[in-house]
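Please read the following report alongside the sequence and the coordinates. The text moves from the chain as a whole to its metal sites and then to side-chain packing.

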Amino acid sequence: MRLPVAVKVGAFSLVVMGTYTYYANSIPQIQSKPPAELSLEGGNVTTAQLVKAGEEIFHTKGTCEICHRIGQKGTRAPDLSGVGARAAKTKPGMSAKQYIIESLLQPGAYIVEGYPNIMPQVDKPPIALNRSEVWALAAFLESLGGNVDVTLDDIPKTAGAAAAGGAPAEIKLPGDPKAGEVIFSTKAGCIACHKAGKIGASPVGPDLSQIAKIQTPDYIMKKILDPAGAGTVAGFPKGVMPPMFGQSLTAKEYMDLVAFLLTLK
Ligand code: HEC
Ligand code: HEC
């Protein structure tokens, strides 16, 4: 079973804060002040801890799984399994860590063939990771098939500057809700079965007017791609919601649609 995000992040913060406190205590002059968000700067973190931290960020704050999976094809972005190995060969003259850092901070600098240029800069809102978090994430990606050799000094000092002062408490996803509303009632045809606030009236599927209040973004995103795998809503027939939206919608249409559904509360 997956733990709720808050619990996982909470447990992880304790580890980081413990490390930080240990370090601070070993130098009596430095005042021990627990960081409000993940900060590894100055901490004597081990490679294993760093990779673990990056993995947590991948699954939680990074929201990477909206688009990426590890070891699974057919999503809207490259499968990241083995990226630590292939990163060394992707761009001539660039090491694995250089390529990985570039793909996080300037995703548009190199576009993997066959994919649209839709990846957000991870250190800018809405994802807004700080410099330590980018470091941990790069270490995690290197660990997928490669050697972890990235250091904090490899991450530009400017990384995460926009995130300073605290990331928004609410997860904000890229996507245009207005465009998503149009997809809902035209190309995707959700409106044939669902009511959604002011639009639609069909009783075939559940009324989605409050869906963002009652369901997590994670669930909503999964339900569109894999209706059967997300579980069937009680009182409604199984297998009626079409399973092919992952193929028929483009990545942008999907993100816009999700953005629209997240306004329904
Ligand atoms: C909105 C969708 C989206 C999100 C969210 C997203 N990515 Fe991406 N990512 C892409 C797409 C599409 C590509 C391929 C096109 C390109 O190269 O920019 C890509 C490329 C990459 C690559 C290069 C892969 C390769 O095979 O060379 C890495 C590494 C990567 N993403 C990591 C991440 C991480 C880590 C996160 C979370 C912090 C993330 N991405 C969030 C869509 C996304
Ligand atoms: C042919 C009818 C049909 C179409 C088209 C359809 N759905 Fe559904 N949908 C259903 C039914 C029936 C259920 C309830 C049974 C289930 O959970 O599979 C459902 C369930 C859902 C749920 C879960 C609601 C909850 O309360 O947990 C979401 C979210 C959803 N649909 C979104 C969409 C979106 C977005 C589209 C368009 C991309 C869409 N559906 C297209 C019939 C449809």
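The report below describes a predicted model, beginning with its overall make-up.

## The chain as a whole

The secondary structure of the chain comes to 10 helices and zero strands, so that, because strands are absent from the count, the elements read from the N terminus on as α-α-α-α-α-α-α-α-α-α. Of the 265 residues in the chain, 38% are buried.

## The two iron sites

Which residues supply the protein donors of the iron atom of ligand 1? They are His-68, through NE2, and Met-119, through SD, and these donors lie 2.0 to 2.1 Å from the iron atom. The six donor atoms of this site subtend angles of 87 to 179 degrees, and the site is octahedral. His-68 sits in the loop between α2 and α3 (83-90), whereas Met-119 sits in the loop between α4 and α5, so the two ligating residues, 51 residues apart, link distant parts of the chain.

For the iron atom of ligand 2, the protein donors are His-194 (NE2) and Met-241 (SD), at 2.0 to 2.3 Å from the metal. Here the six donor atoms subtend angles of 80 to 178 degrees, and the arrangement is therefore octahedral; the criterion behind that term is that opposite donors are over 155 degrees apart and all others between 65 and 115. His-194 belongs to the loop between α6 (177-185) and α7 (211-214), and Met-241 to the loop between α8 and α9 (245-248), so that the pair ties together parts of the chain that are 47 residues apart in sequence.

The table lists the relative accessible area of the four protein residues that donate to the iron atoms.

| Residue | Iron atom | Relative accessible area | Class |
|---|---|---|---|
| His-68 | ligand 1 | 11% | buried |
| Met-119 | ligand 1 | 32% | partly exposed |
| His-194 | ligand 2 | 11% | buried |
| Met-241 | ligand 2 | 28% | partly exposed |

His-194 falls in the buried class because its relative accessible area of 11% is under the 20% limit, while Met-241, at 28%, lies between the 20% and 50% limits and so counts as partly exposed.

## The shell around ligand 2

The surroundings of ligand 2 comprise 25 residues, of which Cys-190, Cys-193, His-194, Tyr-219 and Met-241 come nearest. By class, this shell holds 18 nonpolar, six polar and one charged residues.

Several polar side-chain atoms approach the ligand. An oxygen atom of ligand 2 is 2.7 Å from an N or O atom in the side chain of Tyr-219, and a polar side-chain atom of Lys-223 likewise lies 2.7 Å from an oxygen atom of ligand 2. In the case of His-194, an N or O atom of the side chain is 2.8 Å from a nitrogen atom of ligand 2. The elements that give two or more residues to the shell are α8 (217-225) and α10 (251-261), and the largest share, three residues, comes from α8.

## Aromatic pairs

How many aromatic pairs does the model contain? The count comes to three, and two of them are described here. In one, the rings of Phe-58 and Phe-140 have their centres 5.6 Å apart and their planes at 55 degrees, so the pair is tilted. Phe-58 lies in helix α2 (residues 47-59) and Phe-140 in helix α5 (residues 131-143), and the pair thus links parts of the chain that are 82 residues apart. Both Phe-58 and Phe-140 are buried.

Tyr-99 and Tyr-110 form another pair, which is edge-to-face, with 5.7 Å from centre to centre and 85 degrees between the planes. Tyr-99 is in helix α4 (residues 96-105) and Tyr-110 in the loop between α4 and α5, 11 residues apart. Tyr-99 is buried, with a relative accessible area of 7%, whereas Tyr-110, with a relative accessible area of 31%, is partly exposed.

## Arg-131 and its backbone contacts

Helix α5, which holds Phe-140, is also the place of Arg-131. Is Arg-131 buried or exposed? Its relative accessible area is 9%, so Arg-131 is buried. The side chain of Arg-131 reaches the backbone oxygen of Leu-152 at 3.1 Å and the backbone oxygen of Ile-155 at 3.0 Å.

Methods
Residues numbered from 1 in each chain as written. Chains lettered and ligands numbered in written order. Predicted model: local features only at pLDDT ≥ 70, side-chain atom pairs only at ≥ 80, totals over all residues. Heavy atoms only, no water. Near = heavy atom within 4 Å. Polar contact = N/O pair within 3.5 Å; in protein donor to acceptor, adjacent residues only side chain to side chain. Helix = DSSP H or I, 4+ residues; strand = E, 2+ residues; numbered from the N terminus. Nonpolar A, V, L, I, M, F, W, Y, C, P; charged D, E, K, R; others polar. Phe/Tyr/Trp six-rings, centres within 6.5 Å; stacked < 30°, edge-to-face > 60°. Buried < 20%, exposed > 50% of the residue type's maximum accessible area, 1.4 Å probe, protein only. Donors = N, O, S within 2.8 Å, 3.2 Å for Na, K, Ca; no water. Tetrahedral: all angles 85-135°; square planar, octahedral: opposite > 155°, others 65-115°.
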